[in-house]
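This report looks at how one pair of helices packs and at how charged side chains pair up. Please keep the sequence and the structure in view while reading.

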Amino acid sequence: MPQVPQTFDALAVRTWCGLSLEALGRAREEIDAINVYPVADGDTGTNLYLTLESATAAVEAVFAGHEVGAGYDAGGGREAGGGRPTLADAVRAMAHGALIGARGNSGTILAQLFRGMAQVLAADSETAHTDGPGLRLALRQAADSARQAVAHPVEGTVLTVASAAADAATGTEGDCGTVARAAYEGARAALAATPGQLAALERAGVVDAGGRGLVAVLAALVETFTGERPRAFAGAAEVHARVAGASTDADAYVDIVGVGIGGVHSDVCADAVPEEGGPAFEVIYLLEAGDGAVARLRKRLDQLGNSLVVVGGDGLWNVHVHVDDAGAAVEAGVEAGRPYRIRITHFGLGDVHTGGPGRPPRERAQRAVVAVVPGEGLAGLYAEAGATTVLARPGEPPASGELVEAVRRAHAREVVLLPNDAELRHTAAAAAEQARADGVRVALIPTRSAVQGIAALAVHEPERRFDEDVVAMTSAAGATRYAEVAVAERQSWTMAGICQAGDVLGLIDGDVAVIGSDIALTAEAVLDRMLSAGGEMVTLVLGDEAPETIADRLESRVREGYLAVDTVVYRGGRQGALLLIGVE
């Protein structure tokens with residue numbers, strides 16, 4: 001049996017992460033089912049699980065790096081010869097892993113809770129914070145920093161539960177196990193009281209989903225230091241007992257999973273919702289930026305939407321906001337620094353958040369489009385057209401797991417998947433198979449460029465039969481020739497001859513067709529070749545490094561040289577290529 005840590009050391013961090021992941025895995029569906037605030041999109045349990053999974057992977061990576069050449073015993077990983085990571089190593093890895101892997105509003109707040117704890121546990125000071133008093137300080141800092149990260153804190157949420165845990169721990173003397181148990185009991189009591197603090201929860205007959213997840217994480221902390229799993233939160237029975245002032249003795253608790261206050265499964269009682277007509281998009285991204293730029297970003301995003309949470313520090317931040325203008329939210333990030341791993345989710349017709357009276361809150365949308373896009377600008381464009389996007393930065397292609405997650409976020413019975421890159425076809429196929437195993441009907445359209453995806457999205461009609469819609473989108477994509485203008489990074493043999501590093505390359509349908517030294521002249525040559533075979537519509541997607549005048553120049557060339565051909569221009573942001581061209 002694994003040895004129980006006596007103090008908060010690296011092994012304790014590792015154990016806590018593992019037990020928390022198991023606890024959230026068990027409670028994941030229950031938490032998803034009671035998710036009604038701030039948006040009833042049924043993903044809080046999943047978001048917390050994925051955030052914790054990223055934190056756990058980061059801690060395991062630190063241990064793996066130290067285990068090389070060191071011996072560990074069979075009783076839970078105790079190091080036998082030297083080389084185990086320090087508490088600071090482990091807790092910083094946990095916080096960083098949660099930060100870069102945070103999902104949704106709840107996951108972002110959990111990441112900041114971990115960061116707050118790390119600020120205490122990894123602090124360089126004469127007094128080591130590895131005992132009960134140290135844990136008390138860590139829990140207090142966690143709750144306070146999480147509250148500060150939220151633009152407009154609301155009581156009856158995970159913030160309330162975190163503060164209650166810290167308050168309960170503050171008044172407790174003893175070792176880590178004693179403090180952890182006090183924090184857990186305080187959090188559980190606060191969770192049971194959340195329906196009385198937030199009308200949306202009371203109407204839906206549930207406790208706060210994010211707070212429920214935090215209680216599971218704190219239960220794992222108790223188990224870490226005591227070896228015993230504490231009594232489970234009792235759902236409806238516990239809430240009723242607290243509301244009625246009944247006894248809270250252990251004998252009064254039962255383990256009721258996925259049940260609301262009234263004893264009705266939350267899938268039924270959740271049609272009571274916070275409010276209608278909220279923002280249409282959830283925007284999340286990592287951001288490299290300084291403190292001053294982030295302060296200005298907070299103000300800008302607070303003007304654009306709600307549910308704003310910005311966590312992190314030391315140059316790396318995780319930004320979460322709900323907005324109507326997804327492109328503006330991303331552009332604000334670009335102005336502040338370097339946003340990446342951008343995820344934009346459209347709250348579909350099946351979400352209560354955008355629904356009208358009487359719409360079932362957790363009903364899936366009938367159909368959705370999931371697309372991989374190469375730049376922030378295109379991510380906003382696709383999202384405004386209703387697609388769920390996955391950002392692919394140069395040299396950072398998404399894995400199949402990210403595509404599967406995007407399909408789940410789309411929350412639809414039918415999904416059209418647009419990889420928009422020939423190299424991603426097999427990755428997308430693997431994701432489609434996994435999504436089908438989850439019961440989602442998925443059609444993969446093998447788009448090889450974002451401009452083909454734009455053409456497909458332009459003819460997408462969710463009201464049509466699925467097969468007819470897929471055929472129409474496939475035909476539109478297939479009828480669109482695609483090209484890009486980029487700069488050669490090295491000498492290479494191409495279909496057009498030998499290019500040198502720094503040459504401007506014009507690629508048509510994936511093959512180099514033009515080698516030049518001037519960006520505009522090369523783009524004109526590519527456009528002429530494409531239009532020589534005819535065309536009705538030219539799409540230009542400009543990268544950040546494209547010359548300012550190139551769009552006007554190409555538009556004039558099309559207008560003067562090709563009758564009845566229209567041109568549309570989009571800003572793609574940091575998309576790798578200087579210019580993407582599509583001819584339909």
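The text below treats a predicted model, beginning with salt bridges and moving on to a helix pair and to cysteines.

**Salt bridges**

Side chains of opposite charge can pair when their charged atoms come close. A search of the whole structure finds 28 salt bridges, and the table lists some of them.

| Acidic residue | Basic residue | N to O distance |
|---|---|---|
| Glu414 | Arg441 | 3.8 Å |
| Asp467 | Arg465 | 3.9 Å |
| Asp509 | Arg481 | 3.4 Å |

In the salt bridge of Glu414 with Arg441, the closest N and O atoms are 3.8 Å apart. Because Glu414 belongs to strand E7 (residues 412-418) and Arg441 to strand E8 (residues 441-444), this pair ties together parts that lie 27 residues apart in sequence. The surroundings of the two partners can be stated separately: Glu414 is buried, with a relative accessible area of 9%, whereas Arg441, at 40% relative accessibility, counts as partly exposed.

Arg465 and Asp467 also meet through their side chains, at 3.9 Å from N to O. Here Arg465 is exposed, its relative accessible area being 51%, while Asp467 is partly exposed, with a value of 39%.

The side chains of Asp509 and Arg481 form a salt bridge at 3.4 Å, N to O. This pair links distant parts of the chain, 28 residues apart, with Asp509 in the loop between strand E12 (504-508) and strand E13 (511-516) and Arg481 in strand E9 (residues 481-487). Asp509 counts as partly exposed at 28% relative accessibility, and Arg481 counts as partly exposed at 32%.

Which residues are joined into one network by salt bridges that share partners? They are Arg367, Glu414, Arg441, Arg464, Arg465, Asp467, Glu468 and Asp469.

**A helix pair**

Two packed helices are described by the angle between their axes and the distance between the axes. For helix H17 (residues 450-458) and helix H18 (residues 466-478), the axes come within 8 Å and cross at roughly 145°, and the crossing is right-handed. On the H17 side, Gln452, Ala455, Ala456 and Leu457 take part in the contact, and they meet Met473, Ala476 and Ala477 of H18. Sorted by class, this contact of H17 with H18 has six nonpolar residues, one polar residue and no charged residues.

**Cysteines**

How many disulfides does the structure hold? The number is zero. Cys176 is buried, with a relative accessible area of 2%, and Cys499 is buried, with a relative accessible area of 2%.

Conventions. Residues numbered from 1 in each chain as written. Predicted model: local features only at pLDDT ≥ 70, side-chain atom pairs only at ≥ 80, totals over all residues. Heavy atoms only, no water. Axes fitted to C-alpha atoms, helices over the stretch in contact; angles between N-to-C directions. Helix = DSSP H or I, 4+ residues; strand = E, 2+ residues; numbered from the N terminus. Left-handed = near helix turned anticlockwise from the far one by under 90°. Contact = heavy atoms within 4.5 Å. Nonpolar A, V, L, I, M, F, W, Y, C, P; charged D, E, K, R; others polar. Disulfide = S-S within 2.5 Å. Buried < 20%, exposed > 50% of the residue type's maximum accessible area, 1.4 Å probe, protein only. Salt bridge = Lys/Arg side-chain N within 4 Å of Asp/Glu carboxyl O.
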